[in-house]
Structures are given as C-alpha cells and as structure tokens.
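Ready to practise reading a protein fold? Grab a pencil and work through the exercises below, one step at a time.

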Amino acid sequence: MWEETGGSVTLLCLTASSGVPLYCRSRGGSAKQQLPFSVIGSLNGVHMFGSNLDVLLTAACTENIRVVWKVFHNRCYWVWKN
C-alpha cells in the first residue's frame, strides 16, 4: 500500500463501541513494535468523540504520519503509516 516510501505500516483492529484491541499487524521499517497504548487510546477517543457528534472523520495527517480508519461490522480498523 505505502511500501514505496520505505516507511512502516501498522493495521490495528479494535471494537468500535468499547475500544478493545482485537489484533495488530505491522510491516516494514521499525514496525516490529506494537503501537503504544496511549496512541491506541487517543485514536479511539477521537473516533468515539466524533461518532457521538455524528462526525465522519476518515483520515488525519501530520508531516510524517498518516492515519486512516474505517468502521466495518462494529469493528474499527486503523491504518497507521509512519
């Protein structure tokens, strides 16, 4: 997906209603480590806050990180590109 940039990609799946992590997969670069719990909690907080206000937020970007997410069958999937 983003392999041509040489960065790492992390796929994280958690329950959309409670934020319980179901699985985490990483590929490339220094992606051997799992995302810190504080990052997972912050992303879930943004998702839950937005959904409570009927806001559809599908992506967020900074200079060196891109986060994309989608809710599918009450599971929230995050793609974290570093």
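Helices and strands here are DSSP runs, at least four residues for a helix and at least two for a strand, numbered from the N terminus. Keep in mind that you're looking at a predicted model.

**Exercise 1. Work out which pattern of helices and strands the protein follows along its sequence.**

Step 1: Take stock of the pieces. The protein has 1 helix and 5 strands.

Step 2: Now walk along the sequence and jot down each piece as you meet it. You should get β-β-α-β-β-β.

**Exercise 2. Find the order of the strands in the sheet, and say which strands are at the edges.**

Step 1: Follow the pairing from strand to strand. The open sheet of 5 strands reads β2-β1-β5-β4-β3, and the pairing is antiparallel.

Step 2: Look for strands that pair on one side only. Those are β2 (21-27) and β3, the edge strands.

Step 3: Check the twist, which averages 10° from one strand to the next.

Step 4: Zoom in on one pair. Strand β1 (residues 9-15) and β2 run antiparallel and are joined by 6 bridges. In this pair, Leu12 stands opposite Cys24 of β2.

Step 5: Add the helix. α1 packs on the sheet and touches β1, β4 (66-72) and β5 (75-81). The direction of α1 makes about 125° with that of β5.

**Exercise 3. Decide for Thr15 and for Leu53: buried or exposed?**

Step 1: Get the cut-offs straight. Buried means under 20% relative accessible area, and exposed means over 50%.

Step 2: Start with Thr15, which sits in strand β1. Its relative accessibility is 16%, so Thr15 counts as buried.

Step 3: See who Thr15 touches. Leaving out residues up to four places away in sequence, the contacts are Val20, Leu22, Asn44 and Asn74.

Step 4: Move to Leu53, in the loop between α1 (37-52) and β3 (59-61). With a relative accessible area of 53%, Leu53 is exposed.

Step 5: Look at the company Leu53 keeps. Together with Val46, Phe49, Val55 and Leu57, Leu53 makes a nonpolar surface patch of about 480 Å².

**Exercise 4. What share of the protein's residues counts as buried, and how much accessible surface does the protein have?**

Step 1: Of the 82 residues, 30% count as buried.

Step 2: The accessible surface comes to about 5600 Å², and 57% of that belongs to carbon and sulfur atoms.

Step 3: For a last look, turn to contacts between residues at least 6 apart in sequence. Of these, 46% join residues at least 24 apart.

How values were computed. Residues are numbered from 1 along each chain as its sequence is written. This is a predicted model: local features need pLDDT of at least 70, side-chain atom pairs count only at pLDDT 80 or more; totals for chains, interfaces and linings use all residues. Side-chain values use heavy atoms; hydrogens and water are left out. Patches are made of residues with over 30% relative accessible area and no salt bridge: like charges are joined within 9 Å, nonpolar side chains (Val, Leu, Ile, Met, Phe, Trp, Tyr) within 5 Å. Accessible areas come from the Shrake-Rupley method with a 1.4 Å probe; for residues, only the protein chains shown count as cover. A salt bridge is a side-chain nitrogen of Lys or Arg within 4 Å of a carboxyl oxygen of Asp or Glu. Buried means under 20% relative accessible area, exposed over 50%, partly exposed in between (1.4 Å probe, protein chains only). Two strands pair if DSSP finds at least two bridges between them. Axes are lines fitted to C-alpha atoms, for helices over the stretch in contact, and angles run from 0 to 180 degrees between N-to-C directions. Contact means heavy atoms within 4.5 Å.
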